[in-house]
Amino acid sequence: MTPGKKGILERLDAGEVVIGDGGFVFALEKRGYVKAGPWTPEAAAEYPEAVRQLHREFLRAGANVMQTFTFYASDDKLENRGNKVTFTGAQINEAACDLAREVANEGDALVAGGVCQTPSYLSCKSETEVKGILKKQLNVFIKKNVDFLIAEYFEHVEEAVWAVEVLKETGKPVAASMCIGPDGDMHGVSPGECAVRLVKAGAQIVGVNCHFDPMTCVKTVKMMKEGVEKAGLKAHYMVQPLAYHTPDCNCQGFIDLPEFPFGLEPRILSRWDMHKYAREAFNAGIRFIGGCCGFEPYHIRAVAEELGPERGFLPAASEKHGNWGAGLEMHTKPWVRARARRDYWENLKPASGRPQCPSMSAPDGWGVTKGHTDLMQQKEATSQDQLKQLFDRSKSH
């Protein structure tokens with residue numbers, strides 16, 4: 001860690017608000033650097049300038065955690081279903097660590113090395129095998145001396161606990177966030193029980209990321225906090241939700257929505273929705289507040305602006321953004337100048353502009369999870385026969 005910078009636990013112990021960054025795989029997919037489907041992070045090595053620029057935009061927006069772009073960088077994911085990459089997981093992770101550190105050093109930001117769930121777990125590989133895959137990623141984080149570690153995007157608490165146990169061996173601070181909602185993990189373990197197991201495994205920060213909208217995620221972390229406190233344990237709390245409205249989701253979240261991943265734009269939260277989210281999270285006692293898929297830098301800027309009074313400063317990006325639309329006072333049209341006020345934006349109900357669209361969807365309900373034959377992964381590309389079977393089944397749902 002850069003000399004003079006406070007660590008993650010030091011900041012949280014002091015009651016400081018820590019703001020995370022946003023969803024790199026979705027943001028970079030839209031920019032043409034990540035392929036939807038595998039969602040793997042080889043762009044860190046292939047197109048470092050794109051990853052570096054996105055880090056800088058989140059830093060300028062107010063984030064003070066630069067999470068390494070290492071999502072799904074385990075070798076079993078990089079080689080899954082015919083995905084061909086020209087870099088190893090270690091090469092990708094090293095490049096990602098270097099980029100995150102370079103940009104973190106441009107501000108008062110920390111570097112977090114991240115690991116996530118593995119295809120091997122879904123394919124019922126053993127604890128030893130899954131931990132071996134996670135340890136292989138961890139070697140790079142130790143070599144590059146990241147400031148703390150995050151085990152994120154776990155659907156099953158069992159695998160999340162395994163990840164925490166591996167990360168704890170480094171002696172670095174460990175955060176653990178699961179991609180679950182109020183119904184708990186994919187085997188029905190409640191959020192409170194998930195949090196208790198993670199804390200007992202050694203996580204000092206627990207929470208949720210991805211799969212659900214901000215308010216649903218805050219509700220889930222509240223349940224985690226209640227479970228931890230009821231068990232007589234202590235932890236810090238984090239939340240890094242989607243930037244999409246998901247009131248119609250089931251327990252598996254937005255990946256079950258028919259709009260996933262290419263038709264989600266009508267669900268995007270506005271910057272003013274993000275103000276509400278930041279305040280709700282802060283009032284719930286959550287102090288590590290960031291974003292996941294769909295979050296762009298302007299969303300993080302909104303979080304930083306809402307919590308500016310608590311943090312004692314505004315982000316650099318606020319130089320180009322008047323408080324609650326104040327910059328519109330400079331507009332040439334009087335009816336737009338009339339929108340330069342908080343009550344206008346707080347009370348607006350944005351229209352979608354899509355007359356034939358429903359307000360909500362019916363999620364796919366295939367009801368499969370770890371252990372089901374449908375989730376057995378393979379190195380080979382998905383065959384046309386396998387696809388036809390899926391297309392036929394999809395029509396029946």
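**Terms.** Helices, of at least four residues, and strands, of at least two, are DSSP runs numbered from the N terminus. I use those labels below. The model I am reading is a predicted one.

**Entry 1: the sheet.** I began with the strands. I find 8 strands in an open sheet, and their order is E1-E8-E7-E6-E5-E4-E3-E2. The pairing is parallel. I then looked at the edges. Strand E1 (18-19) and strand E2 (65-67) stand there with a single partner strand each, so one side of each has no neighbour in the sheet.

**Entry 2: E4 to E5.** I moved inward and took the pairs one by one. Strand E4 covers residues 148-154 and strand E5 covers residues 174-178; the two pair in the parallel sense over 5 bridges. As a point of reference I noted Ala151, which stands opposite Ala176 in E5.

Is E5 enclosed or open? I checked burial, and 5 of the 5 residues of E5 are buried, so the rest of the structure largely encloses this strand. The two faces of E5 are both covered. On one side I list Val174, Ala176 and Met178, and on the other Ala175 and Ser177, all of them buried.

**Entry 3: E5 to E6.** E5 and E6 also pair in the parallel sense, here over 4 bridges. Ala175 is the residue I find opposite Ile205 in E6.

Burial in E6 was my next check. E6 is mostly covered, with 5 of its 5 residues buried. Ile205, Gly207 and Asn209 point one way from E6, while Val206 and Val208 point the other way, and all are buried.

**Entry 4: E6 to E7.** I count 5 bridges between strand E6 (residues 205-209) and strand E7 (residues 236-240), again in the parallel sense. Val206 has Tyr237 in E7 as its bridge partner.

**Entry 5: the annotated cysteines.** Which residues does UniProt list for "binding site"? The entry, which is unreviewed, lists Cys210, Cys292 and Cys293. I compared sequence with space: these residues span 84 residues in sequence, yet no two of their C-alpha atoms are more than 6.3 Å apart, so they gather at one spot. I looked more closely at one of the three. Cys210 sits in the loop between E6 and helix H11 (214-230). Its relative accessibility is 1%, and the cut-off for buried is under 20%. Cys210 therefore counts as buried.

**Entry 6: the loop between E7 and H12.** Two residues of this loop caught my attention. The first I noted is Pro261, which lies in the loop between E7 and H12. The peptide bond from Phe260 to Pro261 is cis, with omega near -5 degrees. The other is Ala243, placed in the loop between E7 and H12 as well. Ala243 has 0% relative accessibility and counts as buried. I also checked its distance to Gly23: the two are 220 residues apart along the chain, and their C-alpha atoms are separated by 8.9 Å.

**Entry 7: positive phi.** I searched for residues with positive phi that are not glycine. Trp39 has a phi of about 55 degrees and is not a glycine. I place Trp39 in the loop between helix H2 (24-30) and helix H3 (43-46). Is Trp39 buried or exposed? At 10% relative accessibility, Trp39 counts as buried.

Tyr153 is also no glycine, and its phi is positive at about 60 degrees. I find Tyr153 in strand E4. With a relative accessibility of 9%, Tyr153 counts as buried.

**Entry 8: the second largest pocket.** My last look-up was the second largest pocket, which holds about 800 Å³ of space. How many residues line the second largest pocket? I have 26 residues in the lining, and those nearest the pocket centre are His245, Pro266, Arg267, Pro350 and Ser352.

I sorted the lining by type: 11 residues are nonpolar, 7 are polar and 8 are charged. Helix H12 (271-283) and helix H16 (342-347) each supply at least two residues of this lining. Finally I asked which domains take part. Domain 1 (8-314) and domain 2 (322-348) each give at least three residues to the lining.

Terms used
Residues numbered from 1 in each chain as written. Predicted model: local features only at pLDDT ≥ 70, side-chain atom pairs only at ≥ 80, totals over all residues. Heavy atoms only, no water. 1 Å grid on protein atoms, 1.4 Å probe; cavity = no way out; pocket = protein on both sides within 12 Å on 5 of 7 lines; lining within 4 Å. Points joined across faces, edges and corners; volume = space filled by probe spheres on them. Nonpolar A, V, L, I, M, F, W, Y, C, P; charged D, E, K, R; others polar. Domains from an automatic or database assignment. Pairing = 2+ DSSP bridges. UniProt positions renumbered as here; feature names shortened; annotations may be inferred. Buried < 20%, exposed > 50% of the residue type's maximum accessible area, 1.4 Å probe, protein only.
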